[in-house]
Each structure stands twice: as C-alpha cells, then as structure tokens.
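Trainee: I would like to go through the terms used for this model and what stands behind each of them.

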Amino acid sequence: QLESTLFAFAVVEIKPQLELLLGLPGGALTKEIKLTQDLTSLFVDYQVPSDILKFEGNPAASVQEKLTAVREHTASVLNMIEEARKDQAR
C-alpha cells in the first residue's frame, strides 16, 4: 500500500524572513538562538503582531542597536505574558 504513497519534505529557512520582517539586516539573528526561539514562540504560539516587535528606529543604526531594540521589545511582551499567566493563576 505504501508503493503509491508520496512523501515530501520542505525546508523553509525562517531566520532570513524574521530578519526582513523585523527590520534587521541579513545574518543579524545568526548567533541569536534564544531571541529567535522567543520570536518564533511569540509569532506562532501567541500570534503577536510583528509591528510590536520590529525595529523602527534610524535605518542607519548599527546591527547591535537594532538587535537590542528587538530584544527589548521581545522581553517586554514576554514579561507581559508572564504577568498575565500569574494573574490567571491567582
């Protein structure tokens, strides 16, 4: 019965798309594993809009400044979610 079954795998690289979506230069998330996991979780699990997380400052800012801004936005949203969980547990 498996003779006529077709299996396919697709590999979709999300880091380049995340960088584009968040206003970061290419390769900015390469060494940012925790940040990438947090961002993916916020987009997939919580459907957080990208507008809340993306870099909107000076386009000439350094990569580090852009990453810091995105990291701060991400931490802020994660803290808000954690506070909401604590409130629900009460």
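Mentor: Accessible areas come from the Shrake-Rupley method with a 1.4 Å probe, and for residues only the protein chains shown count as cover. By that method the protein chain exposes about 6,800 Å², with 56% of it supplied by carbon and sulfur atoms. This is a predicted model: local features need pLDDT of at least 70, side-chain atom pairs count only at pLDDT 80 or more, and totals for chains, interfaces and linings use all residues. Residues are numbered from 1 along each chain as its sequence is written, and side-chain values use heavy atoms, leaving out hydrogens and water.

Trainee: What makes up the order α-α-α-α in the protein chain?

Mentor: Helices are DSSP runs of H or I with at least four residues, and strands are runs of E with at least two. The protein chain has four helices and zero strands.

Trainee: Why is the protein chain called more spread out than a compact globule?

Mentor: The globule rule is 2.2 Å times the number of residues to the power 0.38, and the radius of gyration is taken over C-alpha atoms. For 90 residues the rule gives 12 Å; the radius of gyration is 17 Å, well over that, so the protein chain is more spread out.

Trainee: What makes a set of residues a nonpolar core?

Mentor: Its members are buried (under 20% relative accessible area, 1.4 Å probe, protein chains only). They are Ala, Val, Leu, Ile, Met, Phe, Trp, Tyr or Cys, joined through side-chain atoms within 4.5 Å. The largest such core has 18 residues, and Leu 22 and Val 70 are among those with the most contacts inside it. Its largest share, five residues, comes from H4.

Note on methods
Buried means under 20% relative accessible area, exposed over 50%, partly exposed in between (1.4 Å probe, protein chains only).
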